[in-house]
Amino acid sequence: RISRKRGKAREDTNPRQRLTVTHDAFEIGGFSIPPNSRQTVDLPVSVLSDHTPVNMSVHVVHGREPGPTLFVSAAIHGDEVMGVEVVRRLLRVPSIDTMKGTMLAVPIVNSYGFLSHSRYLPDRRDLNRSFPGDAVGSLAARLAHKFMTEIVARSDVGIDLHSAAIHRTNLPQVRVSPSKPETFALAEVFGAPIVMTSGLRDGSLRQAAQQHDVDVLLFEAGEALRFDEVAVRTGVVGILRVMRHLGMVKAKGIAKPKVAPMRSSSSFWLRAPVGGLLRTLKKIGTQVEGGEVLGLVSDPFGDFESEVIADEPGLLVGRTNLPVVNEGDGLFHIARIRPHDDPAVTIDRLAGQLEGDPLFDEDEII
């Protein structure tokens, strides 16, 4: 069984070269992790005003045999805790101990937001708009630079785990860049119900990683500050499927998706026509038709009622969980899908596979 160690990292002002497909020790943060071992390394980020040190901890699993280097990250937005649970369960999978190549698992990138239950950093900056960062810039820029130099620059492929913003929920989905069509193969292998083409935003991790020629899958599922068992299981098994596809773990016990994911090249939001109290008539994962009523917004006295109507058909991939809405609030996120996609069949089969697969136990994957 692979050996486990834990250590404190030392500041590394000269990031090392990207290490892939090698039998040598893996160098990170001043530590050297030998083949067939795993170790948690604390990368110093800053010191709080009360002198408390802040680290970004990465668990390095360095296989006995050569292979790709994969990073798995979560909580870039500090309130998106679902991905933290995905990483926790992933690191308990026995096949990880016999994997080829190297995995860099960072369950909490933004520890500031994680501790304060906030999406943002203390200066209210969004870390996912601060890449590639700057070693002498703002707090967000420094953290982004640390992640880019220590994690992304050493990797071949990345999987970044996210949830919907607070008070919203997302259907499990994988988002890929339209300028990187080759990542569709990995997205299909992941096996989420839908693969969405999503443009790169300035300052995002995906944009910065692409400049390093590192493919990144963005997994979105569930709600901020909440666990969702289907979302967690979809994330864990999806990562294992990608690792199997890359030759990092053996295929035994990792089932392929029973159906191909749906695809969407664009989406749109339906917004509140007026302020009031929202009654939602549809749940995520539902196929909607053009002209269909998805919700009703009423005033507290019941004097008026406004319908929220879908302008065109699609798949409901996200929605608000708040019944109190203001005019213009985003209520329903609709993905345009291909005419031959069958959402009911795809979602039912993939969800049923997660529930019936012997791969999973509630707290342990065998």
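Ala, Val, Leu, Ile, Met, Phe, Trp, Tyr, Cys and Pro are counted here as nonpolar, Asp, Glu, Lys and Arg as charged, and the others, Gly among them, as polar. With these classes in hand, the lining of the largest cavity in this predicted model comprises four nonpolar, three polar and three charged residues. The charged group is made up of K180, R206 and D215, while V176, L200, V214 and V216 form the nonpolar group. The polar residues of the lining are S177, T183 and Q210.

A helpful place to begin with the interior is the cavity count: the structure contains one cavity of 30 Å³ or more. The largest cavity encloses about 80 Å³ of space. Two or more lining residues come from each of α5 (205-211) and β11 (215-223). Rolling a probe the size of a water molecule over the atoms reveals where empty space remains.

Attention now turns to strand β18, which spans residues 314-320 and is mostly covered, with seven of its seven residues buried. Strand β9 (residues 168-176) runs antiparallel to β18 and is joined to it by three bridges; within this pairing, R168 has T320 as its bridge partner. Strand β15 (residues 287-288) is likewise antiparallel to β18, through two bridges, and here Q287 is partnered with L315. A further antiparallel pairing, over four bridges, links β18 with strand β20 (residues 330-336), where I334 is the bridge partner of L316. The two topics meet at V176, which belongs to the residue range of β9 and also lines the largest cavity.

Definitions and conventions. Residues are numbered from 1 along each chain as its sequence is written. This is a predicted model: local features need pLDDT of at least 70, side-chain atom pairs count only at pLDDT 80 or more; totals for chains, interfaces and linings use all residues. Side-chain values use heavy atoms; hydrogens and water are left out. On a 1 Å grid over the protein atoms alone, a cavity is a set of points where a 1.4 Å probe fits but cannot get out, and a pocket is an open set with protein on both sides within 12 Å along at least five of seven lines; lining residues have an atom within 4 Å of a point. Grid points are joined across faces, edges and corners, and a volume is the space filled by probe spheres set on the points. Buried means under 20% relative accessible area, exposed over 50%, partly exposed in between (1.4 Å probe, protein chains only). Two strands pair if DSSP finds at least two bridges between them.
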